[in-house]
Amino acid sequence: MAVPAPFSLSSDPFASKSATSTILGPAVLKIGNFEQTHFGLFTALRRNQGFTLKASMGPAGFTEKLNNNRLKTLADAEDGCDIFNDLKDRFLSFKKNKYMKNIEQFENLAKVQTPKFMVIACADSRVCPSNVLGFQPGEAFMIRNVANLVPTFESGPSETNAALEFAVNSLLVENILVIGHSCCGGIRALMGMQDDDVERSSFIKSWVIVGKNARKKAKAAASNFSFDEQCKHCEKESINHSLLNLLTYPWIEEKVANGELSIHGGYYDFTDCSFEKWTLDYRGTKLEENGSIATKNKIFWC
């Protein structure tokens with residue numbers, strides 16, 4: 001069995017190895033440009049073909065109303081084209097400046113991935129880990145959910161623990177990094193729940209209740225603080241709660257105990273662009289119910 005190339009977080013992980021390729025040449029791009037730019041417009045026109053015939057059967061002013069609706073539909077279609085034209089430009093820039101200049105690396109990635117990190121982050125649009133920490137293709141297997149929570153092993157199947165199982169047991173990642181962040185709406189929803197709120201009438205409430213123990217600790221530790229400050233405290237407490245929950249998975253705890261896997265917490269504060277990172281100290285962590293976490297290797301970047 002071939003051994004994958006060693007992973008490296010170099011200062012320039014996209015150092016050029018090959019700059020020439022005939023994959024997806026100019027002719028394909030030209031056709032794609034035409035189809036992607038005008039497809040929405042043609043669709044809008046097609047939807048309105050029958051309006052002119054029906055207009056003569058309506059009351060006075062009906063034709064003018066239909067024409068106004070038609071113009072509005074065309075304007076909406078053009079706005080949609082503008083949005084996707086921007087994405088098209090970004091994609092073509094990526095292809096030109098990264099993919100084509102590092103074609104050998106991407107060809108290798110097409111065959112196998114050997115990430116060293118499994119990242120669990122929030123779905124919030126402001127905190128993309130690839131943007132904040134500069135993860136490049138192939139460096140991190142990633143899942144994002146509301147409030148970057150990790151349910152316990154006993155909680156049953158979810159997208160998060162399915163990703164964990166694949167990353168740890170198949171990809172053999174060496175690090176799991178749970179990243180929380182400032183101004184988290186999911187944590188705010190958790191902190192705003194009442195103690196007797198058992199109905200949980202929304203998907204959000206039903207999900208964030210995973211962090212109920214973190215909420216309890218945050219309420220107790222920051223009871224004299226404002227609600228905003230309590231939420232900030234819980235944003236960090238919930239990360240540690242998720243690190244403890246990771247150890248409820250037998251195949252994770254075994255690898256951590258054997259030194260084959262490390263689990264880390266991270267907190268990104270986008271109000272001042274700072275980042276905290278810490279590593280779980282397995283030997284000092286108490287795993288019983290309502291256990292406490294011990295940490296090491298704390299660092300702060302600002």
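**Exercise 1. A salt bridge with two kinds of partner**

Task: Is Glu260 buried, partly exposed or exposed in this predicted model? Then decide how its salt-bridge partner Lys255 is classed.

Solution:
- Step 1. Start with the accessibility of Glu260, which is 45% in relative terms. Buried residues are under 20% and exposed ones over 50%, so Glu260 counts as partly exposed.
- Step 2. Next, look at the contact: the side chains of Glu260 and Lys255 form a salt bridge, with 3.6 Å from N to O.
- Step 3. Lys255 has 18% relative accessibility, so this residue counts as buried.

**Exercise 2. Salt bridges that join separate parts**

Task: How many salt bridges does the model count? Which parts of the chain do the pairs of Asp228 and of Lys232 join?

Solution:
- Step 1. The count comes to 7 salt bridges.
- Step 2. One of the pairs is Asp228 with Arg188, whose closest N and O atoms are 2.9 Å apart. Asp228 belongs to helix α10 and Arg188 to helix α7 (residues 185–191), so this pair ties together parts 40 residues apart in sequence.
- Step 3. Check how open these two residues are. Asp228 is partly exposed at 49%, and Arg188 is partly exposed at 41%.
- Step 4. Now take Lys232 and Asp269, which meet in a salt bridge of 3.1 Å, N to O. This pair links distant parts of the chain: Lys232 sits in helix α10 and Asp269 in strand β4, 37 residues apart.
- Step 5. Compare the classes here too. Lys232 is partly exposed, with 36% relative accessibility, whereas Asp269 is buried, with 8%.

**Exercise 3. Reading the sheet**

Task: In what order do the strands of the open sheet lie, and which of them are the edge strands?

Solution:
- Step 1. Walk across the sheet of 6 strands: the order is β2-β1-β3-β4-β5-β6, and the pairing is mixed.
- Step 2. Strands β2 and β6 (295–301) are at the edges, since each pairs on one side only. On average, neighbouring strands are turned by 20° against each other, direction ignored.
- Step 3. For a parallel example, take β1 (residues 117–122) and β2, which pair over 6 bridges. Here Met118 has Phe141, in β2, as its bridge partner.
- Step 4. For an antiparallel example, take β5 (residues 274–280) and β6, joined over 5 bridges. Lys277 has its bridge partner in β6, namely Ile299.
- Step 5. Now add the helices. Helix α10 (residues 227–246) packs on the sheet and touches β1, β3, β4 (262–269) and β5, making about 165° with the direction of β4. Helix α6 (residues 159–170) lies across β1, β2 and β3 (175–181) and runs at about 170° to β2.

**Exercise 4. Two faces of one strand**

Task: Which residues of β2 are on its covered face, and which on its uncovered face?

Solution:
- Step 1. Recall the general pattern: in a regular strand, side chains alternate between the two faces of the sheet.
- Step 2. Apply this to β2 (residues 140–145). Phe141, Ile143 and Asn145 make up the covered face, while Ala140, Met142 and Arg144 make up the uncovered one.

**Exercise 5. A buried histidine**

Task: Where does His181 lie, and which residues does it contact beyond its sequence neighbours?

Solution:
- Step 1. Find His181 in strand β3. Its relative accessible area is 2%, so His181 is buried.
- Step 2. Leave aside neighbours within four places in sequence. The contacts of His181 include Cys122, Asp124, Asn148, Glu235 and Tyr267.

**Exercise 6. Why no disulfide?**

Task: How many disulfides are there, and why does Cys231 not form one with Cys234?

Solution:
- Step 1. The structure holds 0 disulfides. A disulfide is a covalent bond between the sulfur atoms of two cysteines.
- Step 2. The closest cysteine sulfur to that of Cys231 is in Cys234, 7.3 Å away, which is too far for a bond. Cys231 is buried, at 3% relative accessibility.
- Step 3. Try Cys302 as well: its closest cysteine sulfur is in Cys273, 9.6 Å away, again too far for a bond. Cys302 is exposed, at 82%.

**Exercise 7. How far to trust the model**

Task: What is the mean pLDDT of the protein chain, and where does pLDDT stay under 50?

Solution:
- Step 1. The chain has a mean pLDDT of 81, with 71% of its residues at 70 or more.
- Step 2. Over residues 1–59, pLDDT stays under 50.
- Step 3. Where pLDDT is low, the predicted coordinates should not be read in detail.

Terms used. Residues numbered from 1 in each chain as written. Predicted model: local features only at pLDDT ≥ 70, side-chain atom pairs only at ≥ 80, totals over all residues. Heavy atoms only, no water. Buried < 20%, exposed > 50% of the residue type's maximum accessible area, 1.4 Å probe, protein only. Helix = DSSP H or I, 4+ residues; strand = E, 2+ residues; numbered from the N terminus. Pairing = 2+ DSSP bridges. pLDDT = per-residue confidence, 0-100. Contact = heavy atoms within 4.5 Å. Axes fitted to C-alpha atoms, helices over the stretch in contact; angles between N-to-C directions. Disulfide = S-S within 2.5 Å. Salt bridge = Lys/Arg side-chain N within 4 Å of Asp/Glu carboxyl O.
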